[in-house]
Amino acid sequence: MASSLRHKVLFVLGGPGAGKGTQCAKIVAQYGFVHLSAGDLLREERASGSANGDMIDRMIREGAIVPVKVTLDLIRKAMNASGRDLFLIDGFPRNFDNLEGWNAEMSDVDVAGVLFYDCPEDEMERRLLKRGETSGRTDDNAEAIRKRFKTYTESTMPIIDHFAAQNKVFHILATASPEAVFEETQKAIEPIVKAHLVATTQRLLDAVFSNDWVTYQALCDPGLMAIEPQSMGHVVEGMAFHEFYFKNAGRGGLGVSSICKANVVDPHVMLLGDTAVVAFANVIQSATDPSVVYMETRVWNRSSGTWKNVHFHRSAK
């Protein structure tokens, strides 16, 4: 089975009407994150007719609080089903009970931080009342809105303060136009995407040096083009050459007799929409031989939210 990166999440928090949903949609379109809403997942499960859904429906009708573990199980199920690595979790954690549950149940998931959309209450109220003219939502009225503001201030703001103390809050003023707010959002998102691409590149190298063909194949586009010393100066197209190398030559031909580890060193990442370029020094460490350094460039293309290696060039330093 192909190895995988740890899931990485960004919590998306802000008051009702701060524009979280709008910004999440833009992040998904631009960067391929998976957007998960805890509330939507509960509503979908409630309507599914499953035993779990019946339990959620009964608790909501009785005015009881759905256990946080139920919500977390739905989040994990959705994450695993997506086949992806980067996630936005919208409107969670709302309080310390949520956060404690997350820490207990989801310790294998990396939290990159919190996108905090900060907007004054009067502006959020104006937006929600405007939305209420057409949304049909029963909570888009002045009385319900102010109750939601009170809950947000008392329960969710302390969560934001908690992450701020760890320097893990991306504070974004959400009063401007959606386009202007997204420009600020991109400043928070792009370093995370770049780090993810570097980690994915390292994962690909690990597959090469552990002879893990399944993972290597999963990370590469079927039409992969390569220029490397092992191809004797020829441009290699497709996966046949690479498969032959895995099955016959293994890790040989890279200048060391006993491979320990290949490392992505001094990476530089350029994002160009659905294409990314990762340039780095590939430092191959051996238990018995001096390290060998190749200069390597990997071109990645994102399709259906998944990055695939479409081209690489490797040359001796």
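**Exercise 1. Decide whether Asn-309 is buried or exposed in this predicted model, and describe its surroundings.**

Solution. Begin with the accessibility: the relative value for Asn-309 is 0%, and because a residue counts as buried when its relative accessible area is under 20%, Asn-309 is buried in this predicted model. The next step is to place the residue in the secondary structure, where Asn-309 turns out to belong to strand E11, which covers residues 306-316. Then look at the polar atoms of its side chain: the side chains of Asn-309 and Arg-298 are joined by a polar contact of 2.6 Å, while a polar atom of the Asn-309 side chain also lies 3.1 Å from the backbone oxygen of His-311. Finally, list the contacts, leaving aside neighbours within four places in sequence; the residues that Asn-309 touches include Leu-204, Leu-219, Asp-221, Arg-298 and Trp-300.

**Exercise 2. Where does Leu-219 lie, and which residues does it touch when those up to four places away in sequence are not counted?**

Solution. First find the element: Leu-219 lies in helix H9, made of residues 213-219. Next consider its accessibility, for Leu-219 has a relative accessible area of 6% and is therefore buried. With residues up to four places away in sequence not counted, Leu-219 touches Thr-200, Arg-203, Leu-204, Trp-300, Trp-307, Lys-308 and Asn-309. As a last step, compare positions along the chain with positions in space: Leu-219 and Ala-207 are 12 residues apart along the chain, and their C-alpha atoms are separated by 9.6 Å.

**Exercise 3. In what order do the 5 strands of the open sheet stand, and how do they pair?**

Solution. Reading across the open sheet, the order is E2-E3-E1-E4-E5, with parallel pairing. The edge strands, each of which pairs on one side only, are E2 (34-37) and E5. On average, and with direction ignored, neighbouring strands of this sheet are turned by 25 degrees against each other. Helix H4, residues 68-82, packs on the sheet and touches E1, E2 and strand E3 (86-90), and its direction makes about 160 degrees with that of E2.

Now follow the pairing strand by strand. Strand E1 (residues 8-14) runs parallel to strand E4 (residues 110-118), and 7 bridges join them; here Val-12 stands opposite Leu-115 in E4. E4 also pairs in the parallel sense with strand E5 (residues 169-173), over 5 bridges. In E5, Phe-170 is the bridge partner of Leu-115, and Ile-172 stands opposite Tyr-117.

**Exercise 4. Which domains does the assignment give, and how far apart do their C-alpha centres lie?**

Solution. The domain assignment of the protein chain gives domain 1 as 8-175 and domain 2 as 194-316. The C-alpha centres of these two domains lie 38 Å apart. The contact between them takes 7 residues from domain 1 and 6 residues from domain 2.

**Exercise 5. Which elements of the protein chain have the lowest and the highest mean pLDDT?**

Solution. Start with the whole protein chain, which averages a pLDDT of 89, with 93% of the residues scoring at least 70. Then turn to the elements, among which helix H10 (residues 240-249) has the lowest mean pLDDT, 78, and E5 has the highest, 98. A general caution belongs to this step: where pLDDT is low, the predicted coordinates should not be read in detail.

Notes. Residues are numbered from 1 along each chain as its sequence is written. This is a predicted model: local features need pLDDT of at least 70, side-chain atom pairs count only at pLDDT 80 or more; totals for chains, interfaces and linings use all residues. Side-chain values use heavy atoms; hydrogens and water are left out. Two strands pair if DSSP finds at least two bridges between them. Helices (H or I, at least four residues) and strands (E, at least two) are DSSP runs, numbered from the N terminus. pLDDT is the predictor's confidence in each residue, from 0 to 100. Buried means under 20% relative accessible area, exposed over 50%, partly exposed in between (1.4 Å probe, protein chains only). A polar contact is a pair of N or O atoms within 3.5 Å; within protein, one must be able to donate a hydrogen and the other to accept it, and residues adjacent in sequence count only if both atoms are side-chain atoms. Contact means heavy atoms within 4.5 Å. Axes are lines fitted to C-alpha atoms, for helices over the stretch in contact, and angles run from 0 to 180 degrees between N-to-C directions. Domain bounds come from an automatic or database domain assignment.
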